[in-house]
Amino acid sequence: MSPVNSRLSAMRDAIKKLKPEKSQYEDSRIKKLENGDIIRFLPAPDDAVPLVRFFTHGVQRNGRWLVCRCPATVFRKCPVCEHAAHLHNRDWELARRFAKRSNYVSNMVVLSDRNTPQNNGKVFLAQFGTQLFDIYDKACERALPCDPMNGSNLRVILGTKNGFPNYEKCFFESPSVLFDGNDERMTAALDAAYELDEFIAENAFPSYLGLSNKLQEFLGTEYTIPSAPPPEPSKSAAAPTEPSTNPPKAEALDEGEDFFERMSAV
């Protein structure tokens with residue numbers, strides 16, 4: 001390889017490292033919720049919990065990204081969570097950037113998509129964060145939003161806050177029967193719903209050693225891979241602790257924990 005081509009190849013490799021490694025998580029079944037959308041959440045097949053939660057890490061530092069699924073979802077030790085805990089007392093803001101984030105996945109049917117009308121009537125997966133989850137959880141006090149008979153349509157109102165997408169103004173309409181009670185359309189939508197277990201399956205999350213190697217590549221000399229991985233906690237134990245994303249004096253449970261306790265009791 002010529003010196004010029006070698007330099008160009010090195011430059012391309014450097015540019016790739018500036019991009020978050022999100023392509024591995026792209027899923028054509030997932031539709032991004034856009035401003036003006038009207039959707040109806042759907043129940044999961046076989047009367048399973050209508051949405052699942054998994055944790056991720058996404059950190060940008062020195063022009064590079066670390067993006068990964070968090071093994072704490074499946075009650076395994078996570079080196080990124082441990083690194084966040086290590087940073088907590090000396091640099092809380094940096095620790096917060098390494099902290100795990102909650103992601104929720106549910107089935108939905110699109111009732112109105114102004115930007116892509118061909119999506120209307122189709123079933124997708126919705127993936128969202130804590131803002132929209134809090135609205136969903138609040139609506140559950142009235143009725144499950146995903147109930148095709150007594151649930152409610154969600155109007156998506158997307159804004160921005162501090163430069164980030166903001167879903168706080170989304171709201172559920174008054175309760176209504178899905179598709180105005182059209183049995184054929186309702187049955188078709190319910191039959192098209194996806195299983196959600198794959199999002200919280202053991203093999204969906206990296207091993208401790210694999211994630212440790214990735215973290216060391218990201219941090220360099222700031223991080224040393226443990227000589228031996230710590231023992232894994234029992235699945236019946238509480239989820240691994242880590243610093244809250246709130247200031248130290250306002251620590252709280254992970255978002256949505258109460259919701260999943262209620263759903264498991266239904």
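Does asparagine 107 count as buried or exposed, and at what relative accessibility? Keep that in mind while looking through the views below, which show a predicted model.

**View 1. The whole protein, to get your bearings.** Start with the overall fold: the secondary structure comes to seven helices and nine strands. Of the 266 residues in the protein, 39% are buried. The exposed surface adds up to about 15200 Å², and carbon and sulfur atoms supply 51% of that area. Now for who touches whom along the chain: among contacts with a separation of 6 or more, 72% are between residues 24 or more positions apart.

**View 2. Asparagine 107, a residue in strand 4.** Here we zoom in on strand 4, which covers residues 101–112 and includes asparagine 107. Back to the opening puzzle: asparagine 107 counts as buried because its relative accessibility is 0%, and the cut-off for buried is under 20%. Its side chain has a partner, too: a polar atom there lies 2.7 Å from the backbone nitrogen of tyrosine 194.

**View 3. Helix 2 meets helix 6.** Next up is a pair of helices, helix 2 (residues 79–87) and helix 6 (residues 208–219), with axes that come within 9 Å and cross at roughly 50°. That crossing is why helix 2 is described as oblique to helix 6.

**View 4. The residues where helix 2 and helix 6 touch.** Moving in on this contact, helix 2 brings Pro79, Val80, Glu82 and His83. On the other side, helix 6 offers Tyr208, Leu211, Ser212, Leu215 and Leu219. Sorted by type, the residues of this contact are six nonpolar, two polar and one charged.

Definitions and conventions: Residues are numbered from 1 along each chain as its sequence is written. This is a predicted model: local features need pLDDT of at least 70, side-chain atom pairs count only at pLDDT 80 or more; totals for chains, interfaces and linings use all residues. Side-chain values use heavy atoms; hydrogens and water are left out. Axes are lines fitted to C-alpha atoms, for helices over the stretch in contact, and angles run from 0 to 180 degrees between N-to-C directions. Helices (H or I, at least four residues) and strands (E, at least two) are DSSP runs, numbered from the N terminus. Angles under 35 degrees count as roughly parallel, over 145 as roughly antiparallel, 65 to 115 as roughly perpendicular and the rest as oblique. Contact means heavy atoms within 4.5 Å. Ala, Val, Leu, Ile, Met, Phe, Trp, Tyr, Cys and Pro count as nonpolar, Asp, Glu, Lys and Arg as charged, and the others, Gly among them, as polar. Buried means under 20% relative accessible area, exposed over 50%, partly exposed in between (1.4 Å probe, protein chains only). A polar contact is a pair of N or O atoms within 3.5 Å; within protein, one must be able to donate a hydrogen and the other to accept it, and residues adjacent in sequence count only if both atoms are side-chain atoms. Accessible areas come from the Shrake-Rupley method with a 1.4 Å probe; for residues, only the protein chains shown count as cover.
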